[in-house]
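User: I am a first-year student learning how charged side chains pair up inside a protein. Please take a close look at the salt bridges here and walk me through them step by step.

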Amino acid sequence: HRALARDYMSTLWFIQPAIFLASAAKLVQALALGYLLETFQAASSSGGGGSVTLIENNAINIANNNENNANSSTAAYLWAGVLVLSGFVVLMEHHHVFFFTWRKGMQYRISSIAAIYDKSLRLNSTSFTEQLSSSSSPGNKSKGKKPGSSSSSSSSTAGQIINIATNDVERFLMATLFAPYIFWAPVQALAILVLGWHVIGWSFAAGFGLLVFLFVPLQVWLSKQFAIMRSKIAAITDERVSMVSQAVAGVRVMKMSGWEDNFEGRIAAIRKKECDQIKRVNTYRVVNEALFYVCNVITSMVIFVIHVGSGGVLTPRNVFTTMVFLNVAQMELTKHLSLAAMAVSECFVSVSRLQKFLETPELGRSNEQPLLPDNNDDAAIIASHVTCHWNGNGPLSHGSPATGDMEQKEKEVGLIMALDDISVQFNMGTLTCVIGSVGSGKSALIQMLAEELPPS
């Protein structure tokens, strides 16, 4: 996590000034809109002289109107130019920052997929068999693991790898896009509070407090719920994909044993749990979106009611400027900040899962070649009295183990036999076919020869 955060901040430092300029431009836009409307109001209300003759009054009105219209037109063009220029700054910042942050997220995503692929090539393939042997039987209802069984932290199923490479790495995109708003959204909200107080008075602070202390905490709480439910959904998805992978891999055994209905029931039950969690997440999303559209209306109403009740007057300038300020604050606090919290929290969970996978023990490779002959030119591979277990690894036994000791060890630790006292020799220039019934140990023999199933 810390390495990714340091790389993100060191490589995307140049977007921070751009976000600062865009934040300032949004506030300048709100002020410019208010002053622009004020020039229209001044132009429409200008005129009116004393009770003199009609001709003199008209002359005075024409002179005053010409002078006021000239001043109003100059000010209107000025504020309209500021409004357009600020919009241009916001437009350029949005697209450029979006491009650079999204590209960084794609780089993290692609590099993570490459790391997952490279790691999967160096994993022991028997870890998938261990998972299959511990859970494929429909009658296996044990709650805990035996002391000698493989834990889920030391092996990864194909379903888990697929889920990490397809779902978890996608979290980098949203996290890199919205992460800067964790800092800039509160800073911009503080600036809006100061400017809003200057425009409409202390009533703005009352409505702003409602926004900050009621709606924002609600959306922060919803963001935490998104992260919690994301972890639950990921775990359930891992279980479902693993179960489907096991069913496909062992379809022959499943058909011969008549386990189709049992597997179907287990997969359907896991899928139902997954759908229930997804529906719950969507319910929270609906509440989150409803808060986003409601909070601006409620906050504006509170500010204007307090302002009028305290003796203030609503003018086009303070009304529209206040509305724009609230729209910006709402977008920053209830949208960008909540999305940033949700995306970063989900990315934190995904990075933890990715880190756990990358720390999975790899296939051990040593310089010793125990299966290669020493002084026999005719033999290519020699294995003598080899015994292997699916869920128990030990030092290579050059001699035949004591049968009583091995049986006692299997009973105490709960080992699952893969190969029992196998001796085989493959000669140079010969073709050897391995034939046997289902479960006789053909795959185990190949994995032992490939050094993926270490002898016990």
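Analyst: In this predicted model, the side chains of glutamate 274 and arginine 271 meet in a salt bridge, with 3.0 Å from N to O. Both residues belong to helix H10, which covers residues 260–309, and because they are 3 residues apart there, about one helical turn separates them. The general rule behind this is that an α-helix has 3.6 residues a turn, so residues three or four places apart point the same way. The partners differ in their surroundings: glutamate 274 has a relative accessibility of 4% and therefore counts as buried, whereas arginine 271, at 36%, counts as partly exposed. The pair also belongs to a network, in which salt bridges that share partners join Arg240, Arg271 and Glu274.

The count for the structure comes to 8 salt bridges, and another of them brings together the side chains of lysine 104 and aspartate 7, at 3.6 Å from N to O. Here the pair links distant parts of the chain, since lysine 104 sits in helix H3 and aspartate 7 in helix H1 (residues 2–11), 97 residues apart. Lysine 104 is buried, with a relative accessible area of 9%, while aspartate 7, with 29%, is partly exposed.

A further salt bridge is formed by glutamate 332 and lysine 26, whose closest N and O atoms are 3.1 Å apart. Glutamate 332 lies in helix H11 and lysine 26 in helix H2 (residues 15–45), so this pair ties together parts that are 306 residues apart in sequence. Both glutamate 332 and lysine 26 are buried.

Helix H11 deserves a closer look of its own, for glutamate 332 is also the centre of a kink of about 25 degrees in that helix. Helix H11 has 43 residues (residues 316–358), and at 1.5 Å a residue they should span 63 Å; the end C-alpha atoms are 60 Å apart, which agrees with that expectation. Valine 328 lies in helix H11 as well, and because its relative accessibility is 12%, valine 328 counts as buried. Although valine 328 and serine 23 are 305 residues apart in sequence, their C-alpha atoms are 9.1 Å apart in space.

Finally, a word on cysteines, which can form another kind of link: the structure holds 0 disulfides. Cysteine 295 counts as buried, because its relative accessibility is 0%, and cysteine 388, with a relative accessible area of 0%, is buried too.

Conventions:
Residues are numbered from 1 along each chain as its sequence is written. This is a predicted model: local features need pLDDT of at least 70, side-chain atom pairs count only at pLDDT 80 or more; totals for chains, interfaces and linings use all residues. Side-chain values use heavy atoms; hydrogens and water are left out. Helices (H or I, at least four residues) and strands (E, at least two) are DSSP runs, numbered from the N terminus. The expected span of a helix is 1.5 Å times one less than its number of residues. The bend at a residue is the angle between axes fitted to the seven residues ending there and the seven starting there. A disulfide is a pair of cysteine sulfur atoms within 2.5 Å. Buried means under 20% relative accessible area, exposed over 50%, partly exposed in between (1.4 Å probe, protein chains only). A salt bridge is a side-chain nitrogen of Lys or Arg within 4 Å of a carboxyl oxygen of Asp or Glu.
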